[in-house]
Amino acid sequence: MMDDGPEPDERQVRDLQSFMETEQQKAVIQAAINKLTETCFDKCISKPGAKLDSSEANCIANCAGRFLDSSVFVVSRMMAKRQQ
C-alpha cells in the first residue's frame, strides 16, 4: 500500500474549499462573458472588419447592457425564490 502522506488539517481543507469555490466562480463569470460576447457578436456584427462602425458599437453597447440587466434580474429572482 502506498503512503500518500499526512492527512490535511482543517485549515488546509478550508483553504482548498475556498480555492475551489473561487475557481468555480471564475469559471461561471468566464462562461457568462463568453455567452455575452457570442450573443452580441452574432446579433450586431454582420461583416467583421478591422474596427466597428458606429451602429455596430451602439448595438454592442445596448446588447451588453440588456444582457447584464437580464442576468442581474434572473439572479435576483433566483435568490428571492431560494429565500422563500
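**Two helices, questioned**

Modeller: Let's start with helix H2: its 30 residues reach 44 Å from first C-alpha to last, close to the 44 Å expected at 1.5 Å a residue. Keep in mind that this is a predicted model.

Biologist: What do the buried residues of H2 pack against?

Modeller: They pack against H1. The buried residues of H2 are Glu 56, Cys 59, Cys 63, Ala 64 and Phe 67. Ala 64, for one, touches Leu 36 and Cys 40.

Biologist: Which residues make up the largest nonpolar core?

Modeller: There are 8: Leu 36, Cys 40, Cys 44, Ile 45, Cys 59, Cys 63, Ala 64 and Phe 67. H1 and H2 each supply at least two of them, and H2 gives the most, with 4 residues.

Biologist: Why is Ser 54 called exposed?

Modeller: Its relative accessible area is 57%, and exposed means over 50%, so Ser 54 is exposed. Ser 54 lies in helix H2, and its C-alpha is 56 Å from that of Glu 10, 44 residues away along the chain.

Biologist: Is Glu 10 buried or exposed, and how do you know?

Modeller: Exposed: Glu 10 has a relative accessible area of 62%, set against a cut-off of over 50%.

Biologist: What makes Glu 10 and Arg 14 a salt bridge?

Modeller: Their closest N and O atoms are 3.7 Å apart. The cut-off is within 4 Å, so the pair counts. Both residues lie in H1, 4 residues apart, about one turn of the helix.

Biologist: How many salt bridges does a search of the whole structure find?

Modeller: It finds 3. Another is Arg 11 with Asp 15, where the closest N and O atoms are 2.9 Å apart. Glu 23 and Lys 26 also meet in one, at 3.2 Å from N to O. Those two are separated by about one helical turn because they are 3 residues apart in helix H1.

Biologist: Why does Glu 23 count as partly exposed?

Modeller: Its relative accessibility is 32%. Buried means under 20% and exposed over 50%, with partly exposed in between, so Glu 23 gets the middle label. Lys 26 at 48% is partly exposed too.

Biologist: Which residues form a nonpolar patch on the surface?

Modeller: Leu 16, Phe 19 and Met 20, with about 330 Å² of accessible area together.

Biologist: Why is Phe 19 called partly exposed?

Modeller: Phe 19, which sits in helix H1, has a relative accessible area of 48%. Exposed needs over 50%, so Phe 19 stays partly exposed. Patch residues need over 30%, so Phe 19 passes that cut-off.

Terms used:
Residues numbered from 1 in each chain as written. Predicted model: local features only at pLDDT ≥ 70, side-chain atom pairs only at ≥ 80, totals over all residues. Heavy atoms only, no water. Patch = residues over 30% accessible without salt bridge, like charges linked within 9 Å, V, L, I, M, F, W, Y side chains within 5 Å. Areas by Shrake-Rupley, 256 points an atom, 1.4 Å probe, with all protein chains shown as cover. Salt bridge = Lys/Arg side-chain N within 4 Å of Asp/Glu carboxyl O. Buried < 20%, exposed > 50% of the residue type's maximum accessible area, 1.4 Å probe, protein only. Core = buried A, V, L, I, M, F, W, Y, C linked by side-chain atoms within 4.5 Å. Contact = heavy atoms within 4.5 Å. Expected span 1.5 Å × (residues − 1). Lists of a residue's contacts leave out its neighbours within four places in sequence.
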